[in-house]
Amino acid sequence: MFPELNNLLNTSPDSVEQGTLTLLCDAGTDGSFLVHHFLSFYLKANCKVCFVALVQSFSHYNVVGQKLGVSLTSARERGQLVFLEGLKSSVDVVLRAEAEPHPLGFLREAGAGNLQPLYEFVREALEPVDCREAAWRSPVLLVDDLSVLLGLGVGAVAVLDFIHYCRATVCCSLQGSIVALVHDSGDAEDEESDVLLNGLSHQSHLILRAEGLATGFCRDVHGQLRILWRRPSPPTAARRDRSLTFQYKIQDKSVSFFARGMSPAVL
Amino acid sequence: MNSPPLSLGAGQQVMTPSKGVGERKIRRLEMLESVLALGGLVLLRDSVEWEGRSLLKALIKKSALRLVYHDLFRDPLNWSKTGEALPGGPLGVLRAMCSRTGPGPVTIALDSLSWLLLHLPCTTVCQTLHALSHQDSRPGDSSPVEHVHVLGLLHGELHGPGPMGTLSALARTEVTLSGTRSQASAHILYRRPQQRPTHETHWFSILSDFGVDLQGVSPLKSQPHPDPLTPPVDPTTHLTFNLHLSKKEKEAKDSLTLPFQFSSEKQQALLCRGLGQATSHIFYEPDAYDDLDQEDPDDDLDI
């Protein structure tokens with residue numbers, strides 16, 4: 001968890017907003033640092049986290065998590081973290097018997113996939129089992145990332161339906177939160193990616209968009225982060241501008257944010 | 001507001017006309033009333049930057065006295081298979097609404113049309129919307145004005161120009177949401193029958209009780225106000241070099257003929273050749289090996 005990002009978003013592990021969908025988007029750069037931030041943030045906030053990790057292995061997230069002060073292994077052992085390792089289980093889907101439903105079962109289907117088994121997995125992971133689950137705060141679903149599903153042959157509408165059902169269950173029934181990462185390829189011909197990104201943007205309450213600098217690679221400024229609050233809120237003084245833009249630099253254990261043009265290397 | 005977003009397809013049946021609203025300021029209601037005045041399909045087009053759901057809720061609050069709520073949010077595709085889902089899904093619900101024949105004006109709000117367009121073919125959606133918004137045109141009906149409002153929320157970036165244009169053509173009133181940095185605006189296009197379309201732009205904000213606070217109207221222009229923070233700047237002032245021409249320089253510039261411009265003098269010169277003009281002439285000195293035979297210059301006739 002990056003304290004500077006918490007300040008920008010006006011959140012802290014003690015006061016977690018519930019019932020929100022946060023969309024992480026990256027364009028021209030790697031936005032996975034945001035995923036690591038939210039993973040460690042919600043684990044520190046004592047929430048139950050279901051992490052659908054399709055891009056990297058468990059050990060990768062564990063190593064980065066340890067730098068940020070959380071141990072995924074112990075979180076998984078005590079039941080706070082439910083981890084779906086996409087890379088490993090996709091092999092299981094191909095090799096196991098067909099009758100058993102599997103969250104990634106759409107990989108076996110010939111036609112356009114249906115993500116209902118994945119939704120059932122998330123629902124079972126996050127629904128409280130009455131006897132022991134009072135310890136955790138609100139449930140959280142974290143997905144890294146949704147664009148991989150497009151590459152695996154699932155249609156954009158199917159992914160939108162999956163997120164719709166997750167929202168109905170996790171955000172509304174269970175008063176939890178969802179954080180999902182989507183890539184913006186910037187390719188005008190990739191209509192599915194555009195439909196997915198725009199459809200999710202319209203459903204989300206907060207959009208964090210990490211962009212590469214227009215001028216190219218820079219050693220001191222790794223990119224630009226644009227924060228857009230979409231939840232309709234009354235114009236009170238407490239809620240600041242609807243949209244903020246900052247530049248950032250990723251260091252070994254933290255990320256520093258500064259106003260545009262105000263990088264310490266430049267001043 | 002902490003409740004979940006409005007689900008798909010909230011149908012409302014209003015038992016009495018919504019005129020008995022009370023003594024509010026007329027200015028506050030003007031925008032909402034004018035949007036609802038025409039009846040038929042009202043299209044609310046929003047974008048990621050400027051969301052339209054709160055305006056939809058404000059319109060619903062304005063127009064409805066009795067609310068019937070169809071919850072299609074939790075299980076629109078019948079994944080839970082508990083039997084609670086409404087039969088036929090969203091399309092079935094809409095078609096059932098088409099055949100309802102109660103008295104009094106009716107307002108049907110759809111959140112959102114984009115969901116319908118993504119899951120159903122565009123033609124089906126358009127036909128259903130047309131049937132919904134034209135329920136009142138039955139021959140032999142004694143009351144000529146029976147307002148059916150269909151309020152649809154449409155997300156601008158999700159659809160191509162084809163579906164957007166089709167829904168736009170179906171709509172009587174079209175509200176496009178945009179704004180400058182801090183102020184939202186609604187650009188309203190009215191298509192009154194047998195009249196020219198008219199535009200209006202309202203600057204507004206939605207309050208916490210879903211009332212609308214109007215900040216200004218510009219009925220004549222169809223573009224929003226220019227940003228008052230940036231006055232127009234004349235770039236030719238404060239320069240170290242001269243960009244302007246004096247009178248003499250202007251005259252010289254105007255009287256200049258360009259070298260390749262086809263003027264009448266040039267035309268005359270080309271037509272009247274031969275008056276002392278040298279025509280082109282080729283001078284050729286044949287080599288020793290050249291055989292200049294006029295009848296066989298290439299030397300390939302086998303005679």
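Start with the salt bridge count: between chain B and chain A of this predicted model, it comes to one. To see it, select Arg226(A) and Glu49(B) and show their side chains, which meet at 2.7 Å, N to O.

Next, look for polar contacts across the same interface. There are 11 residue pairs to find, both partners at pLDDT 80 or more. Now colour the helices of chain B: α2 (53-63) and α4 (113-119) each supply at least two residues of the side that touches chain A. Zoom in on α4(B), as the largest share of that side, three residues, comes from there. Colour the touching side of chain B by residue type and you get 12 nonpolar, seven polar and seven charged.

Pull back and select the whole contact: 26 residues from chain B and 28 residues from chain A. The two chains bury about 2400 Å² between them, with 59% of it on carbon and sulfur atoms. Pick out Val48(B), Phe73(B) and Trp79(B) next; in chain B, they lose the most area to chain A, together 33% of what that side buries.

Last stop: colour chain B by pLDDT. Its mean is 74, and 74% of its residues reach 70 or more. Among the elements of chain B, go to helix α6 (residues 161-170) for the highest mean, 90, and to strand β1 (residues 10-13) for the lowest, 38. Then select residues 1-29 of chain B, where pLDDT is below 50, though the stretch has 72 contacts in the model beyond near neighbours in sequence. Residues 220-225 of chain B also stay under 50, with seven contacts beyond four places in sequence. For the model overall, the scores are ipTM 0.82 and pTM 0.76.

Definitions and conventions: Residues numbered from 1 in each chain as written. Chains lettered and ligands numbered in written order. Heavy atoms only, no water. Contact = heavy atoms within 4.5 Å. Buried area = accessible area lost by both parts, 1.4 Å probe. Salt bridge = Lys/Arg side-chain N within 4 Å of Asp/Glu carboxyl O. Polar contact = N/O pair within 3.5 Å; in protein donor to acceptor, adjacent residues only side chain to side chain. Helix = DSSP H or I, 4+ residues; strand = E, 2+ residues; numbered from the N terminus. Nonpolar A, V, L, I, M, F, W, Y, C, P; charged D, E, K, R; others polar. pLDDT = per-residue confidence, 0-100.
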